Amino acid sequence: MATSDAFITKYNPLHHYVALSIVFAAFAFKLEWQLAILVILLAATVISPRRKLIYRGFLKFVLPLIIIGFFINGLFFAGNTVFTLGLLKFKGAGLLFASRVAVRLVLIVISISDYFSKVKSETVSEYLAARGADRRFIYIFLLSVAMVHLLRDKLQKIYVAQSARGLDTTRNFVTRARYLLPLLVPLSYSYIAESLDRGIALRAANFADKNSRRTKSVTPLLKVSISKTGLILGRTILIAAIAIGASRLFS
Amino acid sequence: MAEKLSWFDREVNATTIPLIAFGAALNIVMGQAVQMIKLPLYLDSIGTILIACLVGPVAGMLTGAFANLTLGFFFNYAFIFFIPVTLVIGAFSGFVARLGAFKRWYTALPCGIVQGILGAVASAPIAAFMFGGVTMGGTDFLVLYFRAIGKSIIQSAFLQGIAADPVDKAASYLIVYFLLTRIPRTILLRLPGYGNV
């Protein structure tokens, strides 16, 4: 059956192989190599059209982590003091440890965020399905993402209703802990019942039966066209990264 | 003759897949619920514990893993690295649920405390070596304190976990116990782990 071009998405696996290689390098490479990769990555990020998104994630999650890490490890590691800031004495070993952690984190976060900013979750799911990944996992992932928003809305509605019935968040710890139940019971009750109904529908469609004709004949909504050049290049980069990491381990 | 199913296939089938997704979403939404009530706890494993009890340990492990994967995908990448901890929580909760831990509150409470200790053991190496002991959680000041009294980075991360996790997990186990007592039997009867409740 011919597929309309509107449903064909292109997927270049080079992105995820590069991201995987960088994550591997963040753990297995020498610090000097990691710094060299970091410089290249930062230069690539500066010219990337998605730099705002990446910087936002970096400033929100990673930078505070790195700064606190420098303070905690710099101040409380054993060893010689390398510089003082008023009453604070920073130790060399602690700062070195914090630097290693910081380089590793920055490498991982920039590579992963760059990858996720390029690729849609639906495309990744279709790609994984096309590569033979278990459909059950893909379904769980997509359904849990969809359910988060539904649960949040429902929780907000239940909270408003319970507040109208006298739920008071200014009382003591035990009373507030007990207030969780009037929120969680209706939420869980309705969604467990709904999940069971959804399960019946899936069973009726023979969803988890690998051998059913119906499962085999299901046509995905999107057709993914995988770039062969990207696949070969990506695999070569990953194998090279693993070889460099392994040579360091065995040397 | 009916085909013999593996343990994995028995717990991850068409009936349980939506429940696992619900549990993963519940873990994520609990952060919002805790903020609403202004509780000084995380309670971010309630979905994992609930599904481990209602379905089984494999389903519990998957629930925790998918919750952290989703959180990592959309909110904070740090969560992805703590997936091994969620696997420990799911496996242990499912195991103790089968032993009848959720039949009475006074058996759920000590199991929650043990769960907290196991969680601290599993999370300490990740927090120490991956993040240098800092995870931007409210308990970071505890790491600071333990470092100040001369503990190593791994000891500090472990002691921070021991100080915070048992209380959090004991509370989570108790909440799941009370939650299960309030869900109608007609619903529970349709679940594979009905005998655990």
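User: When are two residues in contact, and which residues does Val176(B) touch beyond four places away in sequence?
Analyst: Two residues are in contact if their C-beta atoms, placed from the backbone, lie within 7 Å. This is a predicted model, in which local features need pLDDT of at least 70, side-chain atom pairs count only at pLDDT 80 or more, and totals for chains, interfaces and linings use all residues. Residues are numbered from 1 along each chain as its sequence is written, with chains lettered from A and ligands numbered from 1 in written order. Leaving out residues up to four places away in sequence, Val176(B) touches Ile46(B), Ile49(B), Leu50(B), Cys53(B) and Phe102(B).

User: How many residues does the contact take from chain A, and how many from chain B?
Analyst: Counted by that contact cut-off, the two sides are 49 residues from chain A and 48 residues from chain B.
On the chain A side, 37 residues are nonpolar, 7 polar and 5 charged. Here Ala, Val, Leu, Ile, Met, Phe, Trp, Tyr, Cys and Pro count as nonpolar, Asp, Glu, Lys and Arg as charged, and the others, Gly among them, as polar.

User: Which residue stands opposite Phe83(A)?
Analyst: Strands are DSSP runs of E, at least two residues long, numbered from the N terminus, and two of them pair if DSSP finds at least two bridges between them. β2(A) (residues 81-85) and β3(A) (residues 88-91) run antiparallel, joined by 4 bridges. The partner of Phe83(A) in β3(A) is Phe90(A).

User: Which residue in the turn of this hairpin has a positive phi?
Analyst: The hairpin of β2(A) and β3(A) has 2 residues between the strands. The one with a positive phi, about 65°, is Gly86(A).
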